Amino acid sequence: YIETDRYDNPQALIVKQMWQAGEFVPHSPIINQRMPILPDSHLWIEKPNEVLFVEHTNQDKRLLPESQAMLAGSGIQTMATLPLRSSGRWQGIISFTWPEGYTFSLDEKFIWRRLLDALGAVVASRRALLAQQAAREETERLYNASRRLNEATDVSDMLGALVTAVPNSVI
């Protein structure tokens, strides 16, 4: 996901999933971590309707030397980055990387570009669903706490109702 400021300018990335060597890596230390926007991010931020293809990271003059070094240190030689926007708002990015240099064919680039058209809406829809579920759970929790408070016959019952209303992550 992309975290934005109030003007919809990307401020940070939050990794939600990682796929490596043919399988998901659910316990990667970077999952759900807030990561800064890199200096070279302008390459996809300024062209949100285009796939960013970097075919040989160590030779691509668009990349800063420190970015080239970071990518080389991560074993990345090729990448395709899909900036995801829907309804004029940033949703996230999907980056595919390869450990060896690769030149994308015209047909491959065409397919990547068609993927870009649909993915922003899919991610926006999923984010809206998750927000709706969270709001429903919060409403249910507050309703149950209110019901228990109304049924309370003493201070102990009232405290019990309040304690159950507070999410475990807060306690």
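# Working through a predicted model

Let's start with a loop: the one between strand E1 (2–4) and E2 is where Asp-8 is found. Keep in mind as you go that this is a predicted model.

## Exercise 1: an unusual backbone angle

**Task.** Work out what sets the phi of Asp-8 apart, and say whether Asp-8 is buried or exposed.

**Solution.**
- Step 1. Begin with the usual case: most residues other than glycine have a negative phi.
- Step 2. Now look at Asp-8, which is not a glycine and still has a positive phi of about 70 degrees.
- Step 3. For burial, the cut-off is under 20% relative accessible area. Asp-8 has 9% relative accessibility, so it counts as buried.
- Step 4. Try the idea on Asn-32, found in the loop between strand E4 (23–24) and E5. Asn-32 is not a glycine either, and its phi is positive, at about 65 degrees.

## Exercise 2: classifying ring pairs

**Task.** Decide how the rings of Trp-98 and Trp-112 are arranged, and find which parts of the chain their pair ties together.

**Solution.**
- Step 1. You need two values here, since a pair of aromatic rings is described by the distance of the centres and the angle of the planes.
- Step 2. The structure holds 8 aromatic pairs. In the one formed by Trp-98 and Trp-112, the centres are 6.2 Å apart and the planes are at 85 degrees.
- Step 3. Centres within 6.5 Å make a pair, and planes over 60 degrees apart make it edge-to-face. That is the arrangement of Trp-98 and Trp-112.
- Step 4. Next, place the residues: Trp-98 lies in strand E8 (residues 89–98) and Trp-112 in helix H3 (residues 106–151), so their pair links parts that are 14 residues apart in sequence.
- Step 5. Trp-112 also pairs with Phe-104: with centres 6.3 Å apart and planes at 85 degrees, this pair is edge-to-face.
- Step 6. Check the burial too. Phe-104 and Trp-112 are both buried, while Trp-98, at 25% relative accessibility, counts as partly exposed.
- Step 7. Zoom out, and you'll find one aromatic cluster formed by Phe-53, Phe-96, Trp-98, Tyr-102, Phe-104 and Trp-112.

## Exercise 3: charges over rings

**Task.** Find which rings the charged ends of Lys-109 and Arg-85 sit over.

**Solution.**
- Step 1. Take Lys-109: its charged end sits over the ring of Phe-53, 5.4 Å from the centre of that ring. Phe-53 is one of the residues in the aromatic cluster.
- Step 2. For Arg-85, the ring is that of Trp-90, with the charged end 4.9 Å from the ring centre.

## Exercise 4: the largest pocket

**Task.** Describe the largest pocket: what is its volume, and which element gives the most to its lining?

**Solution.**
- Step 1. The volume is about 1,700 Å³.
- Step 2. There are 40 lining residues, and the closest to the centre are Val-15, Ile-94, Ser-95, Phe-96 and Thr-97.
- Step 3. Elements giving two or more residues include strand E2 (10–14), helix H2 (65–73) and strand E7 (78–86). E8 gives the most, with 8 residues.
- Step 4. Sort the lining by type, and you get 27 nonpolar, 11 polar and 2 charged residues.

## Exercise 5: confidence

**Task.** Find which elements have the lowest and the highest mean pLDDT.

**Solution.**
- Step 1. Start with the whole chain: the average pLDDT is 86, and 97% of the residues score at least 70.
- Step 2. Among the elements, strand E3 (residues 19–20) has the lowest mean, 79, and strand E6 (residues 52–54) the highest, 96.

How values were computed:
Residues numbered from 1 in each chain as written. Predicted model: local features only at pLDDT ≥ 70, side-chain atom pairs only at ≥ 80, totals over all residues. Heavy atoms only, no water. Phe/Tyr/Trp six-rings, centres within 6.5 Å; stacked < 30°, edge-to-face > 60°. Helix = DSSP H or I, 4+ residues; strand = E, 2+ residues; numbered from the N terminus. Buried < 20%, exposed > 50% of the residue type's maximum accessible area, 1.4 Å probe, protein only. Lys NZ or Arg CZ within 6 Å of the ring centre and 35° of its normal. pLDDT = per-residue confidence, 0-100. 1 Å grid on protein atoms, 1.4 Å probe; cavity = no way out; pocket = protein on both sides within 12 Å on 5 of 7 lines; lining within 4 Å. Points joined across faces, edges and corners; volume = space filled by probe spheres on them. Nonpolar A, V, L, I, M, F, W, Y, C, P; charged D, E, K, R; others polar.
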